[in-house]
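Me: Could you take a close look at the place where the ligand sits, and walk me through what surrounds it? I am a first-year student, so please go step by step.

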Amino acid sequence: MFFLEFARACETLEKTSGRLDMIDIISKELPKLSDEELPVFVRFVMGRVFPDWSPKKLDIGPNLLYESVGYVVGLKKDKVIDRINRTGDVGKAVEELLSDKNHLSQQMLFFHEALDLVSVYNELISISEQGGKKIQAGSEKVQREKPQQEKLRGVRRLFSAASPLEGRYLSRIMLEELRIGVGEGSVREAVAKAFGVDSALVEHAQQALNDMGEVARLAKQGPDALQSVQVTPFHPVRMMLAQQGSIADMIEEHGEIAAEFKYDGSRFQFHKKGNWARLYSRRLEDVTAALPDVIQQLLSATEHDVILDGEVIAIKDGKPMPFQSVLRRFRRRHDIAEAQDAIAMVPNVFDIIWLDGETLIDLPFSERRKRLESVVTQYLAPQVRSDREEEITKTYEAALAAGHEGIMIKVPASPYTPGQRGKNWIKIKPEVDTLDLAVIGAEWGEGKRAHVFGSFLVACQDNGKLMPLSRVATGFSDEQLAEVFELLKESVISESGKEVTFEPSLVFEVGYAELQASSNYECGFALRFPRFIRIRDDKDIPDVETIENIRERYKRQANSAQAYQR
Ligand code: AMP
């Protein structure tokens, strides 16, 4: 498939608003594709380049992209940014710029070799590989600059061969946000429709493989191929997630339930096969190098080939330390040995996903727990099973007394459902008024903070669409503002006066005194006394608080205010 055909399909999808129509359009494209093209098309149409399990990153920041486009069209980066500010969209701005250039040099059109879907993919892979390369010889500066130069060259090569319409989607793919409104659910339905297979089967295969591209290839082979998928070591699956709920409701619905401490640390997935072991974060990043102590502990806990799910916490004097100490270790790139001495990291294992070649996700939790207990000798999260509310409440109190966040309640009969926030895992913790929100904009600081961002615009989501909810300007130390600046400076997509807009990438936990109904923001709410609590870099943009949840909280808040007045 030519990349232009892909771009045309995206253009049609961008103009389509109905979900069913979108599914129909995608499902008609899929059968035309070769086995090599199919996974690439499927990932691209979701705005992704790599399989979801892959910790690889494209790592083309907006700045690198603007510079490359500027080079190709003969403009300085500032002029490219001006155009983006005017159109309000990187893709459309790139399209316009390439179109201006083609008017100026008509002959360019004839010299182009048409871009092909798979060759674009291969070029992106090679661009991504430039990022992490260490160049041995030369000064430190050369070590840092060389890979950037290589990346830049690759990106320029693609833009110089792209037509304006291709430029629109190429730039969006490079920023890994296609903005055509196609989510994983629509692609799942389209795959099912295209190849006449059950969409539940597609979903199940996606849970095990964590790569819709590969799932589409199997769907083309038929239901048996989908049915027989296995979880693969070193291809992390998404983490199963929890909802809020109550002990009494869970007992009423399920009878006997399992309760475990809710550890306030960082989620991990441990993969081990033979002598090879890796550790992945909640975002499925490979954090092996940062946590050799945790790897050692887990290796000493089992001789088997396993994929384990758990939470790592930091312990000092027998007490859990705040969650930040753990995150700091997950992010660490240097001086890892020193960091190990300062803080003891302890893994708590609570689930098993794969054992000695067998995929366990469809087994009931009680059965998985038995397997877990039979092969993992240390670091197991203790579990209490009971159908009595007092007993579970006692565990909850013990968890809080020991300095943990609360408890997790799990349904013994439930399968492991990767990536799902279902009702089979329920978290019980004291109500705290904080929300996890996406950082979508900022304002430059003033005075001694003039070189960093000083206040931030944060957003909740409505089915994936981000909606501004509040500005956050308090709660930051100078150190934190500097850290946030470093994390966000490459994500600026537009700037006007003191205001900047970001390609959303960072999640803040924001505390507040009260939720207020407000017409200032489209979502209809605002936060009273918002304050920054912490960066949640274990969470991604799709994990931010939903507007439904905020409405719920608002109702609960109103109810408790009435109760107080009575
Ligand atoms: P939350 O991040 O508040 O949605 O709570 C869910 C998170 O609690 C999970 O993603 C884990 O990182 C963490 N957690 C801590 N202890 C447990 C446990 N025993 N079982 C499952 N998740 C746990």
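Reply: A polar contact is a pair of N or O atoms within 3.5 Å, and that cut-off is needed for what follows. Keep in mind as well that this is a predicted model. With the cut-off in hand, we can begin at Lys410, where a polar side-chain atom lies 2.8 Å from a nitrogen atom of the ligand. Phe261 takes part through its backbone instead, since one of its polar backbone atoms is 3.0 Å from a nitrogen atom of the ligand. On the side of the ligand's oxygen atoms, one of them is 3.3 Å from an N or O atom in the side chain of Lys429. As for how far the ligand is covered, taken alone it exposes 500 Å², and the protein buries 95% of that area.

Turning to the shell as a whole, there are 15 residues around the ligand, and those that come nearest are Glu260, Arg267, Glu311, Lys410 and Lys427. When the residues of this shell are sorted by character, 10 are charged and 5 are nonpolar, while none are polar. Three elements give two or more residues to the shell, namely strand E2 (257–262), strand E10 (406–410) and strand E11 (421–428). Lys410, whose side chain makes the 2.8 Å approach described above, falls within the range of strand E10 (406–410), and Phe261, with its backbone atom at 3.0 Å, falls within that of strand E2 (257–262).

Note on methods. Residues numbered from 1 in each chain as written. Predicted model: local features only at pLDDT ≥ 70, side-chain atom pairs only at ≥ 80, totals over all residues. Heavy atoms only, no water. Near = heavy atom within 4 Å. Polar contact = N/O pair within 3.5 Å; in protein donor to acceptor, adjacent residues only side chain to side chain. Areas by Shrake-Rupley, 256 points an atom, 1.4 Å probe, with all protein chains shown as cover. Helix = DSSP H or I, 4+ residues; strand = E, 2+ residues; numbered from the N terminus. Nonpolar A, V, L, I, M, F, W, Y, C, P; charged D, E, K, R; others polar.
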